[in-house]
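Let us walk through this protein, starting at one point on its surface and then moving inward.

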Amino acid sequence: MTWFRRGHDAVAPPGPDPADAPDALLRTMFERVGEINQNAGKLPVEAVVVAKRVLDAVREVVETATDRELDIHAVVSVRGILEDYLPTTLHAYLALDPGSVNTPRGSGRTPAQSVVEQLETLWESASDLLEATRAHDADALLSQGSFLRTKFSRSDLDL
């Protein structure tokens with residue numbers, strides 16, 4: 001009769017990703033705060049302020065999950081902000097020659113102006129994400145995640 005039990009040894013489906021837990025998201029957020037503080041002298045002052053506003057909104061989104069799990073769409077957006085959109089935006093600016101950050105480019109804006117503009121867009125998105133999370137609006141969460149992925153694709157991050 002052992003041939004009937006062979007299917008019972010199948011591998012169990014993976015559990016939730018530990019990086020999705022509110023505590024892990026907050027740890028990542030604090031790492032980003034440290035990176036911003038460490039590079040504050042190399043970034044435009046306004047960029048530092050706006051980047052920290054982004055992280056304040058993200059912290060509030062994560063803290064809505066104190067007594068329950070965070071909505072999966074919120075988790076995807078928060079992780080996108082913390083692990084991709086914010087660090088990529090900042091790293092792209094920091095990789096530039098410091099002497100060229102105030103020289104206008106083809107768009108007529110300087111890289112310093114562009115990074116602030118991108119961070120303001122990210123802050124608006126994080127604020128919208130917070131509002132949708134508080135309202136438990138799944139459609140808005142899904143739409144906001146799509147907007148973030150579209151807006152912060154690689155071509156939009158070119159300074």
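Glu-120 counts as partly exposed because its relative accessibility is 31%, where partly exposed lies between buried (under 20% relative accessible area) and exposed (over 50%), with a 1.4 Å probe and protein chains only. Glu-120 is found in helix H4. This is a predicted model, in which local features need pLDDT of at least 70, side-chain atom pairs count only at pLDDT 80 or more, and totals for chains, interfaces and linings use all residues. Residues are numbered from 1 along each chain as its sequence is written, and side-chain values use heavy atoms, without hydrogens and water.

Glu-120 has company. With Glu-46, Glu-124, Asp-128 and Glu-131, Glu-120 forms a negative surface patch. Patch residues have over 30% relative accessible area and no salt bridge (Lys or Arg side-chain nitrogen within 4 Å of an Asp or Glu carboxyl oxygen); like charges are joined within 9 Å. Helix H4, residues 111-134, gives the most to this patch, with 4 residues.

Now the fold. The protein has 5 helices and 0 strands, where helices are DSSP runs (H or I) of at least four residues and strands (E) of at least two. The order from the N terminus is α-α-α-α-α.

Next, the interior. Of the 159 residues, 39% are buried. The largest nonpolar core (buried nonpolar residues joined through side-chain atoms within 4.5 Å) has 35 residues, and Val-78, Ile-81, Leu-86 and Leu-119 touch the most other members. Helices H1 (22-38), H2 (45-63), H3 (72-94) and H4 each give two or more residues to this core. H2 supplies the largest share, 10 residues.

Conventions: Patches are made of residues with over 30% relative accessible area and no salt bridge: like charges are joined within 9 Å, nonpolar side chains (Val, Leu, Ile, Met, Phe, Trp, Tyr) within 5 Å. Accessible areas come from the Shrake-Rupley method with a 1.4 Å probe; for residues, only the protein chains shown count as cover. Lys and Arg count as positive and Asp and Glu as negative; His and the chain ends are not counted. The place of a charge is taken as NZ of Lys, CZ of Arg, CG of Asp or CD of Glu.
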